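I opened the notebook with two topics to look up: the cysteines and the strand pairing. Entries follow in the order I checked them.

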Amino acid sequence: MKKLFLAAVILLIPLALGAQHRADRQSLTDPASSTFILFGDPQGYVKYDINQPILELTTLWVSDNIDHLNIKALLCTGDLVEQNENNALNRNMLNQSSRQMWESVSRSLERIDGKVPFISCGGNHDYGYQHSENYNTEFPRYISFERNSAYVDCLKAEFPNRQGHASLENAAFEFEMPGWDHKILVISSEFAPSAAAVEWAKKLVTSDKYKDDYVIYLTHSYLHAKNAKYTDGEGYWVTKQEGNHSGKMLWENLVSQVPNIRLVICGHTGSPANTGNVEDDFRMSTAYRVDKNVAGKPVHQMMFNVQTLGGGWEGNGGDGWLRILEFMPDGKTIKVRTYSPLFGISPSTRHLAHRTAPYDRFDMVIE
């Protein structure tokens, strides 16, 4: 028996010695916490083939940290692709067809399929041919319920997309967080959500079943990066159609009117600062504001879009930046950290892997 035990230990030694050392292993502030991971507008990663491995690296990082960071879900602010349905390549801005871009997104998400749910709103580039010339979208083909078994336990409701199809574009996902008395309900939305989709969300979150949940509303266009003002009057065909909601309309008709919506997450806006200062570029990729709703409760509203980081519009797509949203076990605090696995993977660059300015590292208290 002793010989068998010794042999087993000897066999395990190479496995232990061969385990990869993480250059910048991230940890929870409190071991009882749980997290959502947030991606911001990944379109820049998939429009060039040379950038696509960066998106795969980020989803691999999520997969590798599911247990370590108690990850409950991966959220995304939309614009999964640069162009939804187009083969005529403008070589000044991409070298991938729409199908190649969607397949790149799908390939990256294979890393988390069956492990954690992927929740994304629809972005303007996810519709039409190049940017929302119509309501057509490949979203439900590539981001389907059937591909990821992790949806089974958390998906609670959905609303048909504008083509009349069942789709996770408008959907509700519920989670329990350790130490939180209130469950967390995440609502995803189509780009410039229709009046019907907004009404569906309002009725759902105020229903007897979910009225005590804390709601996170995930939508693409909501806040401007430069001044944190609500978006309004955008020139896309979709945004010009009657009843479709801008950020301003979402605040007026939904977010401010529903007592249990406590956090809005968006992307869409943001651009290079063109000052030569990387901190200015960081600042132009984020926005944040807090306003009180009709019940007098503070609503946290956060924009995060990485697409121009890593070299501007035609750079590497975002330098791997993501956000770790840590739900503290006090039942009210969400700690926000901005981190890049691309930089963190190497000891020579890990000093660049953390953005610590006040707009990139802060706490949100849900009251």
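I started at C76. This cysteine is buried, with a relative accessible area of 0%. I worked on a predicted model throughout.

Next I looked for disulfides. The count comes to 0. For C76, the nearest cysteine sulfur belongs to C121 and is 6.8 Å away. A disulfide needs the two sulfur atoms within 2.5 Å, so I entered C76 as being in none.

Then I took C154. C154 is in no disulfide either; the nearest cysteine sulfur is that of C76, 16 Å away. Is C154 buried or exposed? I found C154 buried, with a relative accessible area of 5%. The cut-off for buried is under 20%, so C154 qualifies.

I went on to the strand pairing. Strand β2 covers residues 71–76. How many of its residues are buried? I noted 5 of the 6, so the rest of the structure largely encloses β2.

I checked the partners of β2. Strand β1, residues 34–39, runs parallel to β2, and 5 bridges join the two. I found T35 opposite I71 of β2. Strand β3, residues 118–120, also pairs with β2 in the parallel sense, over 3 bridges. Here C76 came up again: its bridge partner in β3 is S120.

I followed the chain from β2 to β3. The path goes through helix α4, residues 98–109. I logged this β-α-β crossover as right-handed.

I turned to another sheet. This one is open, has 7 strands and shows mixed pairing. I wrote down the order as β4-β5-β6-β7-β8-β10-β9. Which strands stand at the edges? They are β4 (155–158) and β9 (286–292). Each has a single partner strand, so one side of each is left without a neighbour in the sheet. I also noted the twist: neighbouring strands are turned by 15° against each other on average, direction ignored.

Inside this order I picked one pair. Strand β7, residues 214–218, and strand β8, residues 261–266, pair in the parallel sense. I recorded 4 bridges between β7 and β8. I216 has L263 of β8 as its bridge partner.

My last entry concerns helix α7, residues 195–205. Which strands does α7 lie across? I listed β4, β5 (171–175), β6 (184–188) and β7. Against β6, helix α7 runs at about 170°.

Conventions. Residues numbered from 1 in each chain as written. Predicted model: local features only at pLDDT ≥ 70, side-chain atom pairs only at ≥ 80, totals over all residues. Heavy atoms only, no water. Buried < 20%, exposed > 50% of the residue type's maximum accessible area, 1.4 Å probe, protein only. Pairing = 2+ DSSP bridges. Right-handed = clockwise from strand over helix to strand, strands pointing away. Axes fitted to C-alpha atoms, helices over the stretch in contact; angles between N-to-C directions. Contact = heavy atoms within 4.5 Å.
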